[in-house]
Amino acid sequence: RPRVPLRPERLTGRIKPTRVSVETGARGSTLGDFGSKFKGTLAFDSLDVSLVLGISQGFPVDYNLRVIAMNRKSLPAVVDSIEVPPPVGSAAKRIFPIPNQSTFISLGSTSVLNSFFSKFFPFLPDTFIARGSILLNPPDLYSSSPEQTIDDTSRVSASVAVTFPLTLSLSGGELIDTISLGDEEKFPTGLVTKTQTGTMFFEITNGLPLQLSFRAALLGNTSTGRDTLLWLPSDGPRVLAAATLSPSGSVSAPSLTRFSVALTSADLEKFNQADALWYKLQIETAGGVSTTVTFKDSDFIRVKASANLVYRVNER
């Protein structure tokens with residue numbers, strides 16, 4: 001008599017049709033600040049989203065599954081789902097798994113997935129859930145199914161694989177942000193009244209594979225309400241050259257653009273009134289020519305601003 005219950009390590013035979021519930025989650029992708037600050041339309045060239053079924057035995061499987069996507073950063077949260085279609089080239093939701101190998105089932109064509117993901121824009125889903133059931137050894141195959149072996153490590157698992165391609169389209173793209181300057185006085189009033197000229201310098205490092213235009217403005221409260229106090233530059237946007245690209249289309253070196261803006265004494269007074277600096281980076285398509293580029297999570301853009309003043313001293 002065994003002192004502990006016996007546990008079979010391996011069984012060989014045919015199993016009756018057996019339904020197994022599936023509910024598993026996976027983290028989604030993130031675009032960082034892109035989601036909260038980017039405005040425009042994003043379309044992927046070859047977006048691929050697959051359900052990955054890991055079935056560590058060889059019985060045929062019918063599945064009835066949906067992939068639920070959600071983004072809890074949006075207010076209100078966005079939740080939608082998409083049905084898992086039959087494997088490519090098949091009319092039935094059935095797979096014949098290879099033991100100890102995962103099976104990838106594409107969730108649809110690029111156009112279908114673009115339409116699905118557009119519901120979440122400008123964010124991407126932060127969570128995926130695969131939910132439903134699978135049927136091992138469907139009834140129409142049970143009587144003729146060969147014997148299979150199941151051991152104590154056999155399992156059924158599911159996950160979601162999302163692949164974003166190198167090619168995408170940005171339409172009407174712009175990135176907008178506002179930086180607080182605080183309510184305190186930026187320049188002493190006595191200094192402003194003695195100022196003859198002033199210059200504000202911008203130094204912008206573009207580590208993106210895109211040509212951009214830059215425009216900034218000082219924002220503050222006026223007698224008529226909140227308004228734009230001063231445009232920087234006043235004569236329109238400045239074009240920022242794209243980063244240097246490698247033969248593969250990825251950034252090999254950032255580009256540096258410098259320009260200056262002349263300031264009057266009245267402009268400096270507006271600096272003192274301003275409590276925020278607003279800026280907009282807009283995607284430029286020079287000559288209407290589209291180039292395939294590669295985006296990486298290390299790509300960046302950095303804005304640095306400084307100023308100098310010329311003022312009168314020892315005035316009598």
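Accessible area is calculated with the Shrake-Rupley method, using a 1.4 Å probe. With that in hand, welcome to this predicted model, shown below in a series of close-up views.

**Figure 1. The whole protein, seen as a predicted model.** The protein has 316 residues, and 37% of them are buried. It is built with five helices and 21 strands. About 18,300 Å² of the protein is exposed, and carbon and sulfur atoms supply 52% of that area. If we take the contacts between residues at least 6 apart in sequence, 84% of them join residues at least 24 apart.

**Figure 2. The largest nonpolar core and its neighbourhood.** In soluble globular proteins, nonpolar side chains tend to be buried together. Here, the largest such core holds 24 residues, and L51, L65, V84, L107 and I134 have the most contacts inside it. Two or more residues come from each of β4 (48–55), β5 (61–71), α2 (110–118) and β9 (127–136). Strand β5 gives the most, with five residues. A second core, made up of 23 residues, lies apart from this one; M200, L210, L268 and I283 are among its members.

**Figure 3. A closer look at V84.** Which residues does V84 contact, leaving aside its neighbours within four places in sequence? They are L51, Y63, L65, R66, V67, K93, I105 and L107. Of these partners, L51, L65 and L107 also belong, like V84 itself, to the residues with the most contacts inside the largest core.

**Figure 4. L53 in strand β4.** Strand β4 is one of the elements that give two or more residues to the largest core. L53 has a relative accessible area of 1%, so this residue is buried. In this view you can also find I95, which sits 42 residues from L53 along the chain. The C-alpha atoms of L53 and I95 are 9.7 Å apart.

**Figure 5. The hairpin of β5 and β6.** Strands β5 and β6 (78–83) pair in the antiparallel sense, and six bridges join them. Between the two strands of this hairpin there are six residues. To find your way, start at M70 and look across to V79 in β6, which is the bridge partner of M70. In a regular strand the side chains alternate between the two faces of the sheet.

**Figure 6. Helix α2 and its buried face.** Three residues of α2 are buried here: L113, F116 and F117. Viewed down the helix axis, the buried residues of α2 stay within an arc of 90°, so they line one face of the helix. An α-helix has 3.6 residues a turn, so residues three or four places apart point the same way. What do the buried residues of α2 pack against? Their partners are β4, β5, β6 and β9.

**Figure 7. Helix α5, with its buried side.** The helix runs over residues 265–273, and D267, L268, F271 and N272 are buried in it. Around the axis these residues cover an arc of only 155°, which puts them on the same side of α5. L268 is also listed among the residues of the 23-residue core.

**Figure 8. Two serines of strand β19.** Strand β19 spans residues 255–263, and S255 is part of it. Is S255 buried or exposed? Its relative accessibility is 12%, so S255 counts as buried. The side chain of S255 reaches the backbone oxygen of A242 at 3.5 Å. Beyond residues up to four places away in sequence, S255 touches I204, T205, N206, A241, A242 and A243. S260 is found in β19 too. With a relative accessibility of 41%, S260 counts as partly exposed. Setting aside residues up to four places away in sequence, S260 touches T199, M200 and F201. A305 lies 45 residues from S260 along the chain, and their C-alpha atoms are separated by 9.4 Å.

**Figure 9. The loop that holds P233.** This loop joins β15 (225–232) and β16 (238–240), and P233 lies in it. Look at the peptide bond leading from L232 to P233: it is cis, with omega near -10°.

**Figure 10. N137 and its backbone angle.** N137 is in the loop between β9 and α3 (139–142). Its phi is positive, at about 55°, although N137 is not a glycine. N137 has a relative accessibility of 0%, so it counts as buried.

Conventions:
Residues numbered from 1 in each chain as written. Predicted model: local features only at pLDDT ≥ 70, side-chain atom pairs only at ≥ 80, totals over all residues. Heavy atoms only, no water. Core = buried A, V, L, I, M, F, W, Y, C linked by side-chain atoms within 4.5 Å. Buried < 20%, exposed > 50% of the residue type's maximum accessible area, 1.4 Å probe, protein only. Helix = DSSP H or I, 4+ residues; strand = E, 2+ residues; numbered from the N terminus. Contact = heavy atoms within 4.5 Å. Arc of directions from axis to C-beta. Pairing = 2+ DSSP bridges. Polar contact = N/O pair within 3.5 Å; in protein donor to acceptor, adjacent residues only side chain to side chain.
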